[in-house]
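Thanks for coming. I will take you through one structure this morning, element by element, so please keep the display in view.

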Amino acid sequence: MVGHFQEFEDEYLEMMYEFHEAEPGGIVRTGDLAAKLDVSPASATEMVQRLAVRGYLEYIPYKGARLTEAGLVHGQKMKRRHRLAEVLLEILPYDGNPHETACRLEHAIDDDMEVALSRLITPETKDPSGRDIPQPTPDIAARLSKRPSSVSLMNLNTDTPATLSAIFMAADEAQALDAGGFRVGSSIVRTGPDSFVADGQEAILSERWMNGVFVEIINDTV
(Lines give C-alpha, C1' and ligand atoms only; values in the text may rest on other atoms or scores of the structure.)
Protein backbone atom coordinates (compact mmCIF):
# COMPACT_ATOMS: atom_id res chain seq x y z
CA MET A 1 0.00 0.00 0.00
CA VAL A 2 2.82 2.38 0.85
CA GLY A 3 4.54 1.67 -2.46
CA HIS A 4 1.32 2.30 -4.41
CA PHE A 5 0.76 5.57 -2.58
CA GLN A 6 4.32 6.66 -3.32
CA GLU A 7 3.73 5.98 -7.01
CA PHE A 8 0.57 8.10 -6.88
CA GLU A 9 2.53 10.96 -5.35
CA ASP A 10 5.16 10.57 -8.06
CA GLU A 11 2.48 10.82 -10.75
CA TYR A 12 1.17 14.09 -9.30
CA LEU A 13 4.60 15.67 -9.07
CA GLU A 14 5.53 14.43 -12.53
CA MET A 15 2.36 15.98 -13.97
CA MET A 16 3.02 19.21 -12.08
CA TYR A 17 6.47 19.25 -13.69
CA GLU A 18 4.85 18.84 -17.10
CA PHE A 19 2.77 21.96 -16.39
CA HIS A 20 5.99 23.65 -15.24
CA GLU A 21 7.62 22.83 -18.60
CA ALA A 22 4.84 24.73 -20.35
CA GLU A 23 4.77 27.63 -17.87
CA PRO A 24 7.72 27.72 -15.44
CA GLY A 25 6.61 28.76 -11.96
CA GLY A 26 2.96 28.99 -13.00
CA ILE A 27 0.04 28.16 -10.73
CA VAL A 28 -1.80 24.99 -11.79
CA ARG A 29 -5.53 24.89 -11.17
CA THR A 30 -6.62 21.79 -9.31
CA GLY A 31 -9.30 21.12 -11.93
CA ASP A 32 -6.70 21.13 -14.71
CA LEU A 33 -4.48 18.78 -12.72
CA ALA A 34 -7.42 16.45 -12.04
CA ALA A 35 -8.35 16.37 -15.73
CA LYS A 36 -4.80 15.48 -16.78
CA LEU A 37 -4.58 12.69 -14.22
CA ASP A 38 -8.16 11.50 -14.83
CA VAL A 39 -9.16 11.81 -11.17
CA SER A 40 -11.90 13.76 -9.40
CA PRO A 41 -11.24 17.38 -8.40
CA ALA A 42 -11.80 16.37 -4.78
CA SER A 43 -9.11 13.68 -4.99
CA ALA A 44 -6.72 16.09 -6.66
CA THR A 45 -7.31 18.72 -3.97
CA GLU A 46 -6.69 16.18 -1.21
CA MET A 47 -3.42 15.02 -2.75
CA VAL A 48 -2.28 18.58 -3.47
CA GLN A 49 -2.84 19.53 0.15
CA ARG A 50 -1.02 16.40 1.31
CA LEU A 51 1.96 17.19 -0.92
CA ALA A 52 1.92 20.79 0.29
CA VAL A 53 2.22 19.59 3.89
CA ARG A 54 5.23 17.52 2.84
CA GLY A 55 6.85 20.55 1.24
CA TYR A 56 6.58 19.53 -2.41
CA LEU A 57 3.87 22.00 -3.41
CA GLU A 58 2.75 25.48 -2.49
CA TYR A 59 -1.05 25.31 -2.18
CA ILE A 60 -2.99 28.51 -2.82
CA PRO A 61 -6.68 28.09 -1.83
CA TYR A 62 -9.17 28.78 -4.64
CA LYS A 63 -6.33 29.25 -7.12
CA GLY A 64 -4.27 26.08 -7.32
CA ALA A 65 -0.73 25.01 -6.59
CA ARG A 66 2.82 25.23 -7.86
CA LEU A 67 5.98 23.27 -7.27
CA THR A 68 8.34 24.18 -4.47
CA GLU A 69 12.08 23.71 -5.01
CA ALA A 70 11.86 20.21 -3.54
CA GLY A 71 8.84 19.40 -5.67
CA LEU A 72 10.55 20.69 -8.80
CA VAL A 73 13.56 18.42 -8.21
CA HIS A 74 11.35 15.38 -7.63
CA GLY A 75 9.06 16.09 -10.57
CA GLN A 76 12.03 16.67 -12.86
CA LYS A 77 13.59 13.38 -11.75
CA MET A 78 10.38 11.42 -12.40
CA LYS A 79 9.78 13.01 -15.81
CA ARG A 80 13.38 12.33 -16.81
CA ARG A 81 13.07 8.69 -15.76
CA HIS A 82 9.84 8.32 -17.72
CA ARG A 83 11.39 9.69 -20.91
CA LEU A 84 14.58 7.68 -20.43
CA ALA A 85 12.40 4.57 -20.17
CA GLU A 86 10.68 5.51 -23.44
CA VAL A 87 14.07 5.93 -25.13
CA LEU A 88 15.13 2.49 -23.86
CA LEU A 89 11.93 0.89 -25.17
CA GLU A 90 12.51 2.47 -28.57
CA ILE A 91 16.08 1.15 -28.70
CA LEU A 92 15.08 -2.43 -27.83
CA PRO A 93 12.66 -2.13 -29.89
CA TYR A 94 9.38 -2.63 -28.01
CA ASP A 95 6.09 -3.47 -29.77
CA GLY A 96 3.71 -2.59 -26.92
CA ASN A 97 2.50 0.81 -25.73
CA PRO A 98 5.75 2.59 -24.80
CA HIS A 99 4.06 5.40 -22.86
CA GLU A 100 2.03 3.11 -20.60
CA THR A 101 4.98 0.78 -20.06
CA ALA A 102 7.28 3.71 -19.29
CA CYS A 103 4.74 4.87 -16.68
CA ARG A 104 5.25 1.58 -14.89
CA LEU A 105 9.00 1.38 -15.41
CA GLU A 106 9.78 4.87 -14.13
CA HIS A 107 8.80 3.88 -10.58
CA ALA A 108 11.29 0.99 -10.63
CA ILE A 109 14.21 3.13 -11.82
CA ASP A 110 16.56 4.02 -8.96
CA ASP A 111 19.57 6.35 -9.07
CA ASP A 112 21.91 3.59 -10.29
CA MET A 113 19.57 2.67 -13.14
CA GLU A 114 19.07 6.33 -14.04
CA VAL A 115 22.83 6.74 -14.36
CA ALA A 116 22.99 3.65 -16.59
CA LEU A 117 20.11 4.82 -18.80
CA SER A 118 21.53 8.32 -18.98
CA ARG A 119 24.56 6.92 -20.76
CA LEU A 120 22.32 5.89 -23.67
CA ILE A 121 21.59 9.49 -24.64
CA THR A 122 23.36 12.68 -25.65
CA PRO A 123 22.34 16.20 -24.57
CA GLU A 124 20.51 16.52 -27.90
CA THR A 125 18.48 13.30 -27.55
CA LYS A 126 14.70 13.69 -27.64
CA ASP A 127 12.16 11.16 -26.40
CA PRO A 128 10.22 9.19 -29.08
CA SER A 129 7.59 11.95 -29.17
CA GLY A 130 10.21 14.61 -29.88
CA ARG A 131 10.14 16.15 -26.39
CA ASP A 132 13.19 17.28 -24.46
CA ILE A 133 14.53 14.96 -21.78
CA PRO A 134 14.84 16.96 -18.55
CA GLN A 135 18.35 17.61 -17.33
CA PRO A 136 19.64 15.30 -14.57
CA THR A 137 19.25 16.53 -11.03
CA PRO A 138 22.53 17.64 -9.38
CA ASP A 139 23.13 14.30 -7.65
CA ILE A 140 22.85 12.36 -10.91
CA ALA A 141 24.81 14.98 -12.87
CA ALA A 142 27.69 14.65 -10.40
CA ARG A 143 27.84 10.89 -10.94
CA LEU A 144 27.62 11.20 -14.71
CA SER A 145 30.50 13.67 -14.77
CA LYS A 146 32.77 10.92 -13.43
CA ARG A 147 31.88 8.46 -16.20
CA PRO A 148 33.18 8.32 -19.79
CA SER A 149 30.88 9.73 -22.47
CA SER A 150 28.67 7.06 -24.01
CA VAL A 151 26.93 7.26 -27.41
CA SER A 152 25.37 4.97 -29.99
CA LEU A 153 27.39 4.13 -33.08
CA MET A 154 24.91 6.33 -34.96
CA ASN A 155 26.20 9.34 -32.99
CA LEU A 156 29.88 8.37 -32.96
CA ASN A 157 32.06 10.80 -34.88
CA THR A 158 34.41 9.50 -37.55
CA ASP A 159 37.92 8.55 -36.37
CA THR A 160 36.96 8.88 -32.69
CA PRO A 161 38.43 5.97 -30.67
CA ALA A 162 35.82 4.19 -28.56
CA THR A 163 35.18 0.98 -26.62
CA LEU A 164 31.98 -1.02 -27.11
CA SER A 165 29.98 -0.94 -23.89
CA ALA A 166 26.47 -2.27 -24.65
CA ILE A 167 24.40 -3.99 -27.35
CA PHE A 168 20.61 -3.73 -27.45
CA MET A 169 19.24 -6.16 -30.01
CA ALA A 170 18.01 -9.72 -30.43
CA ALA A 171 20.38 -12.52 -29.45
CA ASP A 172 20.87 -13.79 -33.02
CA GLU A 173 21.75 -10.29 -34.21
CA ALA A 174 24.14 -9.82 -31.27
CA GLN A 175 25.82 -13.11 -32.21
CA ALA A 176 26.27 -11.90 -35.78
CA LEU A 177 27.88 -8.72 -34.47
CA ASP A 178 30.09 -10.76 -32.15
CA ALA A 179 31.37 -12.74 -35.11
CA GLY A 180 32.32 -9.44 -36.75
CA GLY A 181 34.31 -8.27 -33.74
CA PHE A 182 31.54 -6.22 -32.13
CA ARG A 183 31.46 -7.38 -28.52
CA VAL A 184 31.61 -5.62 -25.16
CA GLY A 185 35.15 -4.36 -24.68
CA SER A 186 36.00 -4.23 -28.40
CA SER A 187 37.91 -1.24 -29.75
CA ILE A 188 35.70 0.60 -32.25
CA VAL A 189 36.49 3.29 -34.81
CA ARG A 190 34.01 4.78 -37.27
CA THR A 191 35.55 5.07 -40.71
CA GLY A 192 32.57 6.31 -42.74
CA PRO A 193 28.79 6.96 -42.69
CA ASP A 194 28.02 3.27 -42.10
CA SER A 195 31.46 1.68 -41.89
CA PHE A 196 33.37 0.69 -38.76
CA VAL A 197 36.46 -1.19 -37.67
CA ALA A 198 35.99 -3.42 -34.61
CA ASP A 199 39.15 -4.99 -33.21
CA GLY A 200 40.70 -4.79 -36.66
CA GLN A 201 37.70 -6.21 -38.54
CA GLU A 202 35.85 -3.99 -41.02
CA ALA A 203 32.05 -3.99 -41.17
CA ILE A 204 29.11 -2.11 -42.69
CA LEU A 205 26.15 -1.65 -40.34
CA SER A 206 22.54 -0.65 -40.96
CA GLU A 207 21.03 2.36 -39.24
CA ARG A 208 19.01 0.11 -36.90
CA TRP A 209 22.14 -1.75 -35.83
CA MET A 210 24.05 1.48 -35.31
CA ASN A 211 21.25 2.69 -33.02
CA GLY A 212 21.46 -0.52 -30.96
CA VAL A 213 25.20 -0.52 -30.24
CA PHE A 214 26.69 1.84 -27.64
CA VAL A 215 30.29 2.76 -27.01
CA GLU A 216 32.32 4.72 -24.47
CA ILE A 217 34.41 7.54 -25.89
CA ILE A 218 38.14 7.13 -25.15
CA ASN A 219 39.72 10.18 -23.53
CA ASP A 220 36.20 11.71 -23.30
CA THR A 221 36.42 13.45 -26.67
CA VAL A 222 33.57 13.34 -29.20
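**A walk through the model**

Let me begin with one side chain and its surroundings. Setting aside residues within four places in sequence, K79 touches E14, Y17, E18 and P134. K79 sits in helix α4, which covers residues 69–91. Before going on, please note that this is a predicted model.

Is K79 buried or exposed? Its relative accessibility is 5%, and buried means under 20%, so K79 counts as buried.

For contrast, take E23. E23 lies in the loop between α1, residues 2–22, and α2, residues 30–37. Its relative accessible area is 52%, and the cut-off for exposed is over 50%, so E23 counts as exposed. If you want a sense of distance, the C-alpha atoms of E23 and V184 are 43 Å apart, with their positions 161 residues apart along the chain.

Now to helix α6, residues 111–118. Its buried residues are E114, V115, L117 and S118. Why are they placed on the same side of α6? Because the arc they cover around the axis is only 165°. As general background, an α-helix has 3.6 residues a turn, so residues three or four places apart point the same way. What do the buried residues of α6 pack against? The partners are α4, the helix that holds K79, and α7, residues 138–144. One more detail belongs to the start of α6: there, a side-chain oxygen of D110 comes to within 3.3 Å of the backbone nitrogen of D112.

Next, the strands. An open sheet is formed by 6 strands, in the order β3-β8-β4-β5-β6-β7, with antiparallel pairing. Which strands stand at the edges? They are β3, residues 150–152, and β7; each has a single partner strand, so one side of each has no neighbour in the sheet. On average, neighbouring strands here are turned by 40° against each other, ignoring direction.

Two pairings in this sheet can be followed residue by residue. Strand β4, residues 162–167, runs antiparallel to strand β8, residues 213–217, and 5 bridges join them. Within that pair, A166 has F214 in β8 as its bridge partner. Towards the β7 edge, strand β6, residues 195–198, is joined by 4 bridges to β7, residues 201–204, again antiparallel. There, S195 is the bridge partner of I204 in β7. The hairpin of β6 and β7 has 2 residues between the strands, and D199 takes a positive phi near 50°.

A further hairpin is made by β1 and β2, with 3 residues between them. Y62, in that turn, has a positive phi of about 70°. Strand β1 covers residues 57–60 and β2 covers residues 64–67; they run antiparallel and are joined by 4 bridges. Across this pair, E58 stands opposite R66 in β2.

The last stop is W209, in helix α9, residues 207–212. Leaving out neighbours within four places in sequence, W209 is in contact with M169, E173, A176 and L177. Its C-alpha atom is 9.5 Å from that of S152, although the two residues are 57 apart along the chain. S152 falls within β3, residues 150–152, one of the strands at the edges of the sheet.

That is the end of the tour. Please point to anything you would like to see again.

Notes
Residues numbered from 1 in each chain as written. Predicted model: local features only at pLDDT ≥ 70, side-chain atom pairs only at ≥ 80, totals over all residues. Heavy atoms only, no water. Pairing = 2+ DSSP bridges. Buried < 20%, exposed > 50% of the residue type's maximum accessible area, 1.4 Å probe, protein only. Contact = heavy atoms within 4.5 Å. Axes fitted to C-alpha atoms, helices over the stretch in contact; angles between N-to-C directions. Arc of directions from axis to C-beta. Polar contact = N/O pair within 3.5 Å; in protein donor to acceptor, adjacent residues only side chain to side chain.
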